[in-house]
Every structure is written in structure tokens, then in C-alpha cells.
Amino acid sequence: MKNCLFCKIIDGSIPSKKAYEDEKILAFYDINPQAPVHILVIPKEHIGSADEIDEKNSATISYIFEKIPVIAKNAGITNGYRIISNCGDDACQSVHHLHFHILGGAQLADKMA
Ligand code: 5GP
Ligand code: ZN
């Protein structure tokens, strides 16, 4: 989608440090990490947020969750991680292309909000 930051990362017009890529999804390191390991996992298909998940695209979401353990392990996370998807304004979603944050590599705060 035009003017979508993460679509530009997918097409390579904006560079990223990749953690995993295949024909359906891309995982790359967050530019402003909130944990020692902070990876964003995105579908290559533009989906605006978790609020746009439906019966037509849910197989891609399932596929992302199939790959998250592989991505986390390959990134060196050994003792657990947090998966976050900010959805909409109250959750402070800043990039409107669905993404799942993987945060790990240290003990995380016990509060999420
Ligand atoms: P959100 O706030 O929408 O949940 O998360 C967006 C994330 O994208 C933020 O953690 C932010 O640091 C990250 N981000 C924004 N722009 C870029 C960029 O150009 N490259 C990378 N790698 N991450 C970005
Ligand atoms: Zn997009």
C-alpha cells in the first residue's frame, strides 16, 4: 500500500535489519528497541491492524504465530518473550500495518500498561 512505512520496508525502499523472511511474512528488528531483542513480525499483505483480521486473512495470522517461536529462537531468545500488537489509537498504534512485537532477552516489566 502506498505511503505505508512497513509496505516500504517489505518492498525494500526503506532498509531494515531482517530477522526472518519468506513469501508471506517479514520479521525485522525494531529501530527503537524496548528490550534487548525487539523484533517486529508483519504480514506481507497489507492489513491495517488486528482489528482488520477476518476470515479472509486469518490463515496468514495463524502462519505468523507458527513462525514466531522459530524467529524468537533464531534471535537467541531462550527464556521467554512477550508478544504485543497495539491496535488503534487508545493502544498508541503508530504504524498502521499489522505488526506483532516480540520482546525478549531480559526480564520484562510485570505490568503491560
Ligand atoms: P506501534 O507503536 O505501532 O505498535 O509500533 C511501531 C514500531 O515500529 C515502533 O516500535 C517503532 O520503533 C518501529 N518503527 C517505526 N519506524 C521504523 C522503521 O523505519 N524501521 C524499523 N525497523 N522500525 C520502525
Ligand atoms: Zn502496509
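This short presentation describes the fold of one protein chain and then three of its residues.

Good morning. The structure before you is a predicted model, and I shall begin with its overall composition. The protein chain contains two helices and five strands. Followed along the sequence, these elements appear in the pattern α-β-β-β-α-β-β.

How does the size of the chain agree with that of a compact globule? For 113 residues, a compact globule would have a radius of gyration near 13 Å, and the value for this chain is 14 Å, so the two agree. The C-alpha trace spans about 35 × 30 × 25 Å along its principal axes. Of the 113 residues, 39% count as buried. The accessible surface of the chain is about 6900 Å², and carbon and sulfur atoms hold 51% of that surface. If we take the contacts with a separation of 6 or more, 54% of them are between residues 24 or more positions apart.

Let us turn to the sheet. Strands of a sheet pair through backbone hydrogen bonds, and the pairing may be parallel or antiparallel. Which kind do we have here, and in what order do the strands lie? The five strands make an open sheet with antiparallel pairing, in the order β1-β2-β3-β5-β4. At the edges are β1, residues 18-21, and β4, residues 81-84, each of which pairs on one side only. From one strand to the next, the twist averages 20 degrees.

Consider one pair of strands in detail. Strand β1 and strand β2, the latter covering residues 25-29, run antiparallel and are joined by three bridges. Glu21 has Leu26, in β2, as its bridge partner.

Where does helix α2 lie with respect to the strands? Helix α2, residues 58-74, lies across β1, β2, β3, β4 and β5. Its direction makes an angle of about 155 degrees with β3, which comprises residues 37-43.

I now come to individual residues, and I begin with Leu26 in strand β2. Is Leu26 buried or exposed? Its relative accessible area is 0%, and a residue is called buried under 20%, so Leu26 is buried. Apart from neighbours within four places in sequence, Leu26 is in contact with several residues, among them Ile9, Ile10, Tyr20, Glu21 and Leu40. Glu21 therefore appears twice in our account, as a bridge partner and as a contact of Leu26.

The second residue is His99, located in the loop between β4 and β5. With a relative accessibility of 5%, His99 also counts as buried. A polar atom of the His99 side chain lies 2.6 Å from the backbone oxygen of His97. Beyond its neighbours within four places in sequence, His99 touches Phe6, Leu40, Val41, Ile42, Ile84, Ser85 and Gln93. Leu40, Val41 and Ile42 are also among the contacts of Leu26. How far apart are Leu26 and His99? They are separated by 73 residues in sequence, and their C-alpha atoms are 9.8 Å apart in space.

The last residue is Gly76, which is placed in the loop between α2 and β4. Its relative accessibility is 49%, and for that reason Gly76 counts as partly exposed. Gly76 and Leu108 are 32 residues apart along the chain, with 16 Å between their C-alpha atoms.

In closing, I would ask you to keep two points in view: the open sheet of five strands, and helix α2, which lies across them. Thank you for your attention.

Conventions: Residues numbered from 1 in each chain as written. Chains lettered and ligands numbered in written order. Predicted model: local features only at pLDDT ≥ 70, side-chain atom pairs only at ≥ 80, totals over all residues. Heavy atoms only, no water. Pairing = 2+ DSSP bridges. Helix = DSSP H or I, 4+ residues; strand = E, 2+ residues; numbered from the N terminus. Axes fitted to C-alpha atoms, helices over the stretch in contact; angles between N-to-C directions. Contact = heavy atoms within 4.5 Å. Rg over C-alpha atoms; globule rule 2.2 N^0.38 Å. Buried < 20%, exposed > 50% of the residue type's maximum accessible area, 1.4 Å probe, protein only. Areas by Shrake-Rupley, 256 points an atom, 1.4 Å probe, with all protein chains shown as cover. Polar contact = N/O pair within 3.5 Å; in protein donor to acceptor, adjacent residues only side chain to side chain.
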